[in-house]
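Trainee: Could you pick a single part of this structure and go through it with me closely? I'm in my first year, so please take it step by step and then link it to the rest.

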Amino acid sequence: MSLPTSVPSCRAPCRMVLLAVAVLLALPDLGVNGQFRSMVGRREYCGLVAYNTAEEMCCGEDIQPGTPEMGFACCEKKSYYSRSEICCGGQVRAGSEAFGYNCCEFNSYNIATESCCQGKVTSGSEATGFACCGATTYRTATEMCCIDRIQPKIEGKNKCCGIESYNDKTHGCCDGVNVFSVYERESGMCCSGHIASGPEWTHACCGIHSYPTAENSKLCCVNEVVGGDRLLGDECCGISVYNKHDKSCCMGHIMGGSATTGHACCGPETIDLAVESCCGNRTRYKGIDEQCCNGNVAQGSMMEFACCGQMSYEIASDQMCCGNVVIMGGPGFMCCGNSAFHPSIHSCCQGQVLPGPNRPCMRLRQPPRNKIRQVFQRRG
């Protein structure tokens with residue numbers, strides 16, 4: 001390489017720099033450990049060091065032998081022959097993906113004959129009838145895996161119950177709080193994670209207990225088995241038993257009287273429907289001189305009084321109901337919102353009573369906002 005004899009605006013120091021660059025470009029490249037590299041192929045840089053792309057490659061700013069065209073690849077800062085090796089977690093291991101190898105964390109394994117179970121290479125594969133059970137393998141034809149425990153498939157045991165195996169045709173699995181228990185279906189059943197006596201086809205669960213469904217002497221009241229005869233009309237009221245033919249369960253309280261005797265619940269009490277009624281399912285009243293107005297007991301019978309909201313007013317009086325409010329009116333009066341007016345002397349406009357009959361209802365037009373702003377600006 002020749003140095004230009006003259007460089008515009010370049011004095012002696014500048015020429016020295018150019019001369020040094022020319023010398024470095026003319027010399028062979030200085031490689032690792034002070035060795036010189038011959039640049040036969042195309043030159044590229046790996047960090048600050050040049051390397052020959054025809055024979056070398058750059059792996060993590062380290063120059064390594066081999067090229068992709070030769071079948072090499074990088075494994076972090078090392079090169080490896082990808083046709084017979086594999087990179088597993090930054091480590092070069094024997095085997096190639098092309099020949100059925102895969103990684104198991106930092107190791108390689110043959111997927112045709114081995115398995116990777118919880119990061120460990122074990123013998124046996126899915127193709128040879130094996131599967132993982134925890135960190136090891138088991139033969140699926142003769143064994144089963146129950147929570148990382150290998151159990152033999154014997155005597156028809158085909159399902160897992162915790163770490164045990166069982167026959168689901170003759171036994172059941174009771175799944176409690178982190179506790180699994182096997183029970184015989186002929187003599188037991190699972191009730192809320194606990195094994196109770198009696199088979200499922202003749203018993204029913206009541207909390208963690210069981211009781212015979214064929215017998216009529218037992219009831220389940222709030223997960224507790226109590227005595228009672230369903231055929232005679234016994235029922236639950238909370239954790240207590242009552243007979244529905246002569247008593248009632250009102251808000252968890254057993255009260256005298258039932259539908260059979262003409263009674264009904266009104267809140268926590270019973271009422272005699274022949275002489276009383278219930279208002280809002282909480283207040284009892286007599287229909288002779290009271291009535292229920294929107295859940296509130298008001299005075300007056302329905303024959304003489306009418307409801308106005310939660311109040312009542314006498315129909316034959318000058319009172320009237322306007323907007324659920326009782327106000328004074330009279331013959332010929334009408335409602336205007338919550339007020340009363342007589343059309344012969346007043347007018348109603350948008351819920352407001354105006355003096356004078358038959359007045360046209362005109363809406364006041366609001367001036368535009370920009371007009372109001374201009375008025376305030378002028379006043380300011």
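Mentor: Let's start at V275, which sits in the loop between strand 34 (269-272) and strand 35 (277-279). Keep in mind that this is a predicted model. Is V275 buried or exposed? Its relative accessibility is 52%, and because the cut-off for exposed is over 50%, V275 counts as exposed. You can also follow the chain onwards to Y285, ten residues along from V275, where the two C-alpha atoms are separated by 8.8 Å.

For a contrast, go back along the sequence to S210. This serine has its place in strand 26, which covers residues 209-212. With a relative accessible area of 17%, S210 is buried, because anything under 20% falls in that class. What surrounds it? Leaving aside residues up to four places away in sequence, S210 touches M189, C191, A196, S197, H203, A204, C205 and V225. S197 deserves a second look in that list, since its backbone oxygen lies 2.5 Å from a polar atom of the S210 side chain.

Now widen the view to the whole protein. Its secondary structure comes to two helices and 46 strands. Of its 380 residues, 27% count as buried, and S210 belongs to the buried class. The protein exposes about 25000 Å², and carbon and sulfur atoms supply 53% of that area. How much of the contact network joins residues 24 or more positions apart? Among contacts with a separation of 6 or more, such pairs account for 1%.

That brings us to the disulfides, of which the structure holds 22. Let's take three of them in turn.

One links C174 and C190, with sulfur atoms 2.1 Å apart. The torsion about this S-S bond is about 65 degrees, so the disulfide is right-handed. C174 lies in strand 21 (residues 171-175) and C190 in strand 23 (residues 188-191), so the pair ties together parts that are 16 residues apart in sequence. The two ends have their own surroundings: C174 is buried, at a relative accessible area of 1%, while C190 is partly exposed at 26%.

Another joins C206 to C220, with an S to S distance of 2.1 Å. Here the torsion is about 90 degrees, so this link is right-handed too. Because C206 is in strand 25 (residues 203-206) and C220 in strand 27 (residues 218-221), the bond ties together parts 14 residues apart in sequence. C206 counts as buried at 1% relative accessibility, and C220 counts as partly exposed at 28%.

The third is formed by C250 and C265, whose sulfur atoms are 2.0 Å apart. What is the handedness of this link? With -80 degrees about the S-S bond, it is left-handed. C250 belongs to strand 31 (residues 247-250) and C265 to strand 33 (residues 263-266), so parts that are 15 residues apart in sequence are tied together. Once again there is a buried end, C250, with a relative accessible area of 1%, and a partly exposed end, C265, at 28%.

Next, a look at how strands pair. Strand 11 (residues 101-104) and strand 12 (residues 107-110) run antiparallel and are joined by four bridges. If you start from Y101, its bridge partner in strand 12 is N110. The two strands form a hairpin with two residues between them, and in that turn E105 has a positive phi of about 55 degrees. As a general point to take with you, the side chains of a regular strand alternate between the two faces of the sheet.

Last come the aromatic rings, where the count is one aromatic pair. The rings of F72 and Y81 have their centres 5.3 Å apart and their planes at 50 degrees, so the pair is tilted. Both numbers are useful, because a pair of aromatic rings is described by the distance of the centres and the angle of the planes. F72 is partly exposed, with a relative accessible area of 25%, and Y81 is partly exposed as well, at 28%.

To finish, turn the model back to where we began: V275 is exposed in its loop, whereas S210 is buried in strand 26.

Notes. Residues are numbered from 1 along each chain as its sequence is written. This is a predicted model: local features need pLDDT of at least 70, side-chain atom pairs count only at pLDDT 80 or more; totals for chains, interfaces and linings use all residues. Side-chain values use heavy atoms; hydrogens and water are left out. Buried means under 20% relative accessible area, exposed over 50%, partly exposed in between (1.4 Å probe, protein chains only). A polar contact is a pair of N or O atoms within 3.5 Å; within protein, one must be able to donate a hydrogen and the other to accept it, and residues adjacent in sequence count only if both atoms are side-chain atoms. Contact means heavy atoms within 4.5 Å. Accessible areas come from the Shrake-Rupley method with a 1.4 Å probe; for residues, only the protein chains shown count as cover. A disulfide is a pair of cysteine sulfur atoms within 2.5 Å. Two strands pair if DSSP finds at least two bridges between them. Rings of Phe, Tyr and Trp (its six-membered ring) pair if their centres lie within 6.5 Å; planes under 30 degrees apart count as stacked, over 60 as edge-to-face and the rest as tilted.
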